[in-house]
Amino acid sequence: MAGKPILHYFDGRGRMENIRWLLAAAGVEFEERFMKTREDLEKVRKDGSLMFQQVPMVEIDGMKLVQTRAILNYIAAKYNLYGKDIKERALIDMYSEGMADLNEMVLVYPYLPSSDKGGRLTQIKEKSRNRYFPAFEKVLKSHGQDYLVGNRLSKADVLLTELLYNVEELDSTVLANFPLLKALRTRVSNLPTVKKFLQPGSQRKPLENEESVEAVKKIFS
């Protein structure tokens with residue numbers, strides 16, 4: 001029997017949080033090995049585990065996978081979160097790539113200089129309300145189903161739910177005009193596996209604060 005996946009990253013959201021969410025939604029227990037110093041990162045680089053010298057890296061099924069989207073796609077395919085055919089997979093990928101554009105803005109926000117945060121927050125709010133969230137609301141309205149693709153849970157639903165939570169942390173009223181997105185978030189959040197992940201004490205990571213940002217900078221500087 002294969003062991004649990006092992007996630008190699010720092011103790012924070014970053015690019016690993018998508019992966020944590022997807023594994024949790026699939027009901028897969030995983031271990032985490034945190035890098036706390038520059039030396040920890042260099043050790044993994046030197047032992048040949050990082051193909052492109054970058055984390056995140058996930059040990060799963062005898063492989064050491066890098067590149068976030070490749071990892072997500074493998075997990076989605078392995079745990080039946082990737083649609084029933086190639087057309088559904090194309091839609092799931094298209095939606096996920098759109099989310100990734102907004103997620104990137106949210107992901108780097110805590111690491112920006114204070115002087116840049118105001119402008120970035122305005123950008124996040126504007127793009128969430130006027131570009132990305134209307135697009136996903138329209139998808140749900142167009143077919144009237146519970147999930148984005150094929151009326152069953154997929155990678156796209158999980159990543160969108162995570163994104164909705166993360167943007168709402170920065171803009172508490174962002175979902176006011178998106179009832180179908182609010183309903184999707186509630187639906188996904190009430191799935192037993194996700195509900196467990198949302199409880200205090202889980203492996204879900206909190207929004208980065210100044211202290212955690214400085215700790216991460218020391219690893220990668």
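Let's start at Ser 49. Ser 49 sits in the loop between helix H2, residues 38-46, and strand S3, residues 57-60. One word of caution: this is a predicted model.

Is Ser 49 buried or exposed? Ser 49 counts as buried, at 5% relative accessibility. The cut-off for buried is under 20%. So Ser 49, at 5%, falls under it.

What does Ser 49 touch? Set aside its neighbours within four places in sequence. Then Ser 49 is in contact with Val 44, Met 57, Lys 64 and Val 66. Lys 64 deserves a second look. The side chains of Ser 49 and Lys 64 make a polar contact, at 3.0 Å.

Now a distance. Take Ser 49 and Gly 201. In sequence they are 152 residues apart. In space, C-alpha to C-alpha, they are 29 Å apart.

Let's step back to the whole chain. The chain has 9 helices and 4 strands. From the N terminus on, the order is β-α-β-α-β-β-α-α-α-α-α-α-α. The radius of gyration is 17 Å, and the globule rule gives 17 Å for 221 residues, so the chain is as compact as a globular protein of that length. Along the principal axes, the C-alpha trace spans about 50 × 50 × 30 Å.

How much of the chain is buried? Buried residues make up 45% of the 221. The chain exposes about 11600 Å². Carbon and sulfur atoms supply 51% of that area.

Contacts next. Consider those between residues at least 6 apart in sequence. Of these, 67% join residues at least 24 apart.

And charges. The chain carries 35 positive and 30 negative charges. Their mean positions are 2 Å apart.

On to helix H1, residues 17-25. Here 9 of the 9 residues are buried, so H1 is largely enclosed by the rest of the structure. Charged and polar names are on that buried list too: among them are Glu 17, Asn 18 and Arg 20. Trp 21 and Leu 22 are also buried residues of H1. Keep those two in mind. Just after H1 comes Gly 27, with a positive phi of about 75 degrees.

Now helix H6, and two of its residues. The first stop is Lys 155, which lies in H6. Lys 155 is buried, with a relative accessible area of 3%. Which side chain does the side chain of Lys 155 meet in a polar contact? That of Asp 93, at 3.1 Å. Leaving out residues up to four places away in sequence, Lys 155 touches a list of residues that includes Leu 22, Leu 72, Asn 73, Tyr 82 and Asp 93. Leu 22 is one of the buried residues of H1.

The next stop is Thr 161. Thr 161 also lies in H6, which covers residues 155-170. Thr 161 is buried, with a relative accessible area of 0%. Where does its side chain find a polar partner? The backbone oxygen of Asp 157 lies 2.8 Å from a polar atom of the Thr 161 side chain. Beyond four places in sequence, Thr 161 touches Trp 21, Leu 184, Arg 185, Val 188 and Ser 189. Trp 21 is our other name from H1.

To wrap up, look at H1 and H6 together. Lys 155 touches Leu 22, and Thr 161 touches Trp 21. Both of those partners are buried residues of H1. And back in the loop before S3, Ser 49 has its polar contact with Lys 64.

Notes
Residues numbered from 1 in each chain as written. Predicted model: local features only at pLDDT ≥ 70, side-chain atom pairs only at ≥ 80, totals over all residues. Heavy atoms only, no water. Rg over C-alpha atoms; globule rule 2.2 N^0.38 Å. Buried < 20%, exposed > 50% of the residue type's maximum accessible area, 1.4 Å probe, protein only. Contact = heavy atoms within 4.5 Å. Areas by Shrake-Rupley, 256 points an atom, 1.4 Å probe, with all protein chains shown as cover. Lys, Arg positive; Asp, Glu negative; His and termini not counted. Charge placed at Lys NZ, Arg CZ, Asp CG, Glu CD. Polar contact = N/O pair within 3.5 Å; in protein donor to acceptor, adjacent residues only side chain to side chain.
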